[in-house]
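Here are some short exercises to help you find your way around a new structure. Try each task with the model open, then read the solution step by step.

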Amino acid sequence: MTLSDMSEIAFDALVLAAGARNAVEMIPGLQEAVDTGSAVHYYATDAAASAHRALAEFTGGNLVFLVTSLPYRCPPAPYEGALLAADLLRENGSRAQTQIAVYTLEKQPMPSAGPYAGPELIALLNGEGIDVFCEHTVERIDPDNRVIHFQDGKTVDFDLLVFVPPHKPAITLDRPGWIPVDAHTMQTEHPGIWAIGDITAITCPWGRPLPKAAIFAKNGAKAAATNVLNYLGKTGESDTLSGEGYCYIDTGGHTAAQGKGDFFALPHPAIHLTPPSQQLHHDKQDEEKNWRAVWEQEVHLTA
């Protein structure tokens, strides 16, 4: 019997790890732009393949990367995407004919990493000829004329739009929105129920949301597992969520940068980006292979 065959499942303890879902429909005109091929994203397997195809075939013009709403999975993703797109266009000979810009409603990239990493990432993007415009909140997309309308009245034309889709929690508990958990134990407001990963809402001690990043899903799972066993009387130990985290950013040319540090640090994290290197690119690839191996093992066990 599979989970889909059951309407109810009894539990002694429950850990929710349902993640986030894409909600393209939240931005007027965005789905129509996707349907006509003028807008793409890479937050799903098939969508990523379409985005790669569109970029590989792009021959020049205004290429715009757009962060549509907060929060979203993987804070570096739109900026990494812009850098990789520049690298791809350079390889196919279209870079000189392409203007690349990133628009985001954030005050700076990766704000939960503290005050330093964001400006360093902007400098890295600017060095590759990529403009970054912060504090721009999208209102709607005009798919026929390929225009982004922002809430402040500004408009931006595009030939190809690559966007981070709005995110929603895949499931909720007793109220709409992300599931709040104790920042130490990963327990929800309900006894016997924990939540981990992208579905959660966690506030760092200095007031910023904890990023929806793989490392914090991993840290949260470790803490929740120990605390579940404690709740069930299987161990006397307990654990807390670690704020130690990192992210890799592919920068093109088979190089990557990294930001690493304590996201719970006070008065704020002091995270800096490392210079891009081939070694960090290899490290990133190795980690991706490890994550994929874990995923494939889980699929095999639940098949």
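This is a predicted model. We begin with a proline: P71 sits in the loop between β4 (61-67) and α3.

**Exercise 1. Find the peptide bond that leads from L70 into P71: is it cis or trans?**

Step 1. Look at omega for the bond from L70 to P71, which is near -5 degrees.
Step 2. This makes a cis bond. For background, most peptide bonds are trans.
Step 3. Now go to the loop between β16 (255-262) and α6 (278-302), where P267 lies. The bond joining L266 and P267 is also cis, with omega about 5 degrees.

**Exercise 2. Check the length of α3: what distance should its 16 residues span, and what do its end C-alpha atoms show?**

Step 1. Helix α3 covers residues 77-92.
Step 2. Counting 1.5 Å a residue, the expected span is 22 Å. The multiplication uses one less than the number of residues.
Step 3. The end C-alpha atoms of α3 are 22 Å apart, so expectation and model agree.
Step 4. Just after the helix comes G93, with a positive phi near 85 degrees.

**Exercise 3. Decide how α3 and α4 are oriented: what is the angle between them?**

Step 1. Helix α4 is made of residues 117-127, and α3 packs against it at about 20 degrees, with the axes 10 Å apart.
Step 2. Angles under 35 degrees count as roughly parallel, so α3 is roughly parallel to α4.
Step 3. The crossing of the two helices is left-handed.
Step 4. On the α3 side, the contact uses Y79, A82 and L83; on the α4 side, L121, L124 and L125.
Step 5. Sorted by class, this contact holds 6 nonpolar residues, with no polar and no charged ones.

**Exercise 4. Turn to α2 and α3: at roughly what angle do their axes cross?**

Step 1. Helix α2 spans residues 45-57; its axis comes within 9 Å of the α3 axis, and the two cross at roughly 45 degrees.
Step 2. That angle makes α2 oblique to α3.
Step 3. The crossing of α2 and α3 is right-handed.
Step 4. From α2, the residues H52, L55 and A56 meet A85, L88, L89 and N92 of α3.
Step 5. By class, the α2 contact with α3 has 5 nonpolar and 2 polar residues, and no charged ones.

**Exercise 5. Follow L89 of α3: is it buried or exposed?**

Step 1. Start with the whole helix: α3 is mostly covered, with 12 of its 16 residues buried. L89 is one of them, and others include Y79, E80 and D87.
Step 2. The relative accessibility of L89 is 0%, so it counts as buried. The cut-off is under 20%.
Step 3. List the contacts, leaving out residues up to four places away in sequence: L89 touches L55, F58, L63, S94, R95, T98 and I100.
Step 4. Take F58 from that list. F58 and L89 are 31 residues apart in sequence, yet 7.7 Å apart in space from C-alpha to C-alpha.

**Exercise 6. Inspect the backbone at M110 and M186: where do these residues lie?**

Step 1. M110 is in the loop between β5 (98-103) and α4, and its phi is near 50 degrees.
Step 2. M186 is in the loop between β12 (179-180) and β13 (193-195), and its phi is near 70 degrees.
Step 3. Most residues other than glycine have a negative phi. M110 has a positive value, and M186 has a positive value too.
Step 4. Both are buried: M110 has a relative accessible area of 6%, and M186 one of 1%.

Notes. Residues are numbered from 1 along each chain as its sequence is written. This is a predicted model: local features need pLDDT of at least 70, side-chain atom pairs count only at pLDDT 80 or more; totals for chains, interfaces and linings use all residues. Side-chain values use heavy atoms; hydrogens and water are left out. Axes are lines fitted to C-alpha atoms, for helices over the stretch in contact, and angles run from 0 to 180 degrees between N-to-C directions. Helices (H or I, at least four residues) and strands (E, at least two) are DSSP runs, numbered from the N terminus. Angles under 35 degrees count as roughly parallel, over 145 as roughly antiparallel, 65 to 115 as roughly perpendicular and the rest as oblique. A crossing is left-handed if the near helix is turned anticlockwise from the far one by less than a right angle, and right-handed if clockwise. Contact means heavy atoms within 4.5 Å. Ala, Val, Leu, Ile, Met, Phe, Trp, Tyr, Cys and Pro count as nonpolar, Asp, Glu, Lys and Arg as charged, and the others, Gly among them, as polar. Buried means under 20% relative accessible area, exposed over 50%, partly exposed in between (1.4 Å probe, protein chains only).
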